[in-house]
Amino acid sequence: MATGVESERPSPERFFDAMQGFQRTAALKAAIDLDLFTAIGEGSNSVETLARRCAASERGIRVLCDYLVIQGFLSKSGERYTLTADSAAFLDRRSPAYIGSATGFIASPTVLDAYRDLAAVVRKGGPLEQGTLIPDNPVWVEFARSMAPLMAMLASLMAGLLQADTAPKWKVLDIAAGHGLFGIELARCNRNAQIVAVDWPSVLEVARENAQKAGVADRYRTIPGSAFDVDFGSGYNIALLTNFLHHFDPRTNESFLRKVFDALAPGGRAVTLEFVPNDDRVSPPQAAAFSLTMLAATPGGDAYTFCELQRMFRNAGFRECELKLIPPSFESVVISYK
């Protein structure tokens, strides 16, 4: 019988698990590239039928599927594979909640290369090269196209949080709009909403395509260029800051937020979507771990706590901030009032 002392013995398991973490990324991306999850969802559930459907070797399919069972993406009974609930919802292309395209950005060479010498990044305190913030970086076009399905749920949750369907006439500024889904969802829910999206010209082409598909193109206007440089105009009821502030240091954010403050109408709101860790900066895990992403990708960005965000907004002139959780997402919404 194992004693309590024996069960607490040091183990190298966590070390090996971390050092082989790249295998999980590679295996999941390979399965998505092979359309494995869709094939299983359609009924191809043996090694032989999956190899035929995915144009792959039987040996390769067997090893990959077994590995995905170990990692919790598939289930196995005898020699048959089935999708788990999460995989059926998010990784079968036939599902309306499919998010597999996000690997085009999350697992892109641009993103992964930032970690090739993380020790050097830590020594420097930032990326070894310019990172993702160089002007008009083409990576943001890939972001807009790849990440849109992953953001669709968040856009819907935010619209519900703001009660967009019952709101009066809105003039909405969507800063660094990317795919545009956050502003588009507000326009879709509120027929009186007018959206003004700001981003690089090539990125706004993607946003305009999405606005057209959503049937709100007649209420969707764009301002191409850097959000730091362009003239926003004024009189906005809402300014959307979705996954933007974490790219910059607090001083830069405060200066920028003063510009946002000036663009809002009296009583207007800045609505910020962010990874917001607790004050201990190690929980909850997904939000807190995002700090490492910003270390590798930006010169001064971070995952900011609510207290830190609140300080930035107050220093920029905002009178009050509220933190709103939007489960099942691991991001949070901060609403700041002019």
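This briefing walks through two helix pairs, one further helix and a few unusual spots in the backbone. The structure is a predicted model. Helix 11 runs alongside helix 13, the two being roughly parallel to each other, while helix 3 and helix 6 meet at an oblique angle. Two cis peptide bonds, from Ser 283 to Pro 284 and from Pro 327 to Pro 328, are also worth finding as you look around.

**Helix 11 and helix 13**

- Start with helix 11, which covers residues 139-161, and helix 13, which covers residues 201-214. Their axes come within 8 Å and cross at roughly 15°.
- Angles under 35 degrees count as roughly parallel, and helix 11 and helix 13 are therefore described that way.
- The crossing of these two helices is right-handed.
- On the helix 11 side, the contact is made by Trp 140, Val 141, Ala 144 and Arg 145. Helix 13 contributes Ser 202, Val 203, Val 206 and Glu 209.
- By character, the residues of this contact between helix 11 and helix 13 are five nonpolar, one polar and two charged.

**Helix 3 and helix 6**

- Helix 3 spans residues 21-33, and helix 6 spans residues 58-70.
- The axes of helix 3 and helix 6 come within 10 Å, crossing at roughly 120°. Helix 3 and helix 6 are therefore oblique to each other.
- This crossing of helix 3 and helix 6 is left-handed.
- Gln 23, Arg 24, Ala 27 and Ala 31 of helix 3 make the contact with Leu 64, Tyr 67 and Leu 68 of helix 6.
- Sorted by type, the residues of the contact of helix 3 with helix 6 are five nonpolar, one polar and one charged.

**Helix 14 and its surroundings**

- Helix 14 takes in residues 250-263, which makes 14 residues. At 1.5 Å a residue, helix 14 should span 20 Å, and this agrees with its end C-alpha atoms, which are 20 Å apart.
- Several residues of helix 14 are buried: Asn 253, Glu 254, Phe 256, Leu 257, Val 260, Phe 261 and Ala 263.
- Those buried residues pack against three strands, namely strand 3 (170-175), strand 6 (236-242) and strand 7 (264-274), and also against helix 16 (306-315).

**Two residues with positive phi**

- As background, most residues other than glycine have a negative phi.
- Asp 35 is not a glycine, yet has a positive phi of about 60°. You will find Asp 35 in the loop between helix 3 and helix 4 (36-42).
- With a relative accessible area of 18%, Asp 35 is buried, because buried means under 20%.
- Leaving aside residues up to four places away in sequence, Asp 35 touches Arg 53, Cys 54 and Arg 93. The C-alpha atoms of Asp 35 and Leu 91 are separated by 8.8 Å, although these residues are 56 residues apart along the chain.
- Ala 55 is not a glycine either, and has a positive phi of about 55°. Ala 55 sits in the loop between helix 5 (47-54) and helix 6.
- Ala 55 is exposed, its relative accessible area being 73%.

**Two cis peptide bonds**

- Most peptide bonds are trans.
- The bond from Ser 283 to Pro 284 is cis, with omega near -15°. Pro 284 belongs to the loop between strand 7 and helix 15 (285-297).
- The bond from Pro 327 to Pro 328 is cis too, with omega near 10°. Look for Pro 328 in the loop between strand 8 (320-325) and strand 9 (332-337).

How values were computed: Residues are numbered from 1 along each chain as its sequence is written. This is a predicted model: local features need pLDDT of at least 70, side-chain atom pairs count only at pLDDT 80 or more; totals for chains, interfaces and linings use all residues. Side-chain values use heavy atoms; hydrogens and water are left out. Axes are lines fitted to C-alpha atoms, for helices over the stretch in contact, and angles run from 0 to 180 degrees between N-to-C directions. Helices (H or I, at least four residues) and strands (E, at least two) are DSSP runs, numbered from the N terminus. Angles under 35 degrees count as roughly parallel, over 145 as roughly antiparallel, 65 to 115 as roughly perpendicular and the rest as oblique. A crossing is left-handed if the near helix is turned anticlockwise from the far one by less than a right angle, and right-handed if clockwise. Contact means heavy atoms within 4.5 Å. Ala, Val, Leu, Ile, Met, Phe, Trp, Tyr, Cys and Pro count as nonpolar, Asp, Glu, Lys and Arg as charged, and the others, Gly among them, as polar. The expected span of a helix is 1.5 Å times one less than its number of residues. Buried means under 20% relative accessible area, exposed over 50%, partly exposed in between (1.4 Å probe, protein chains only).
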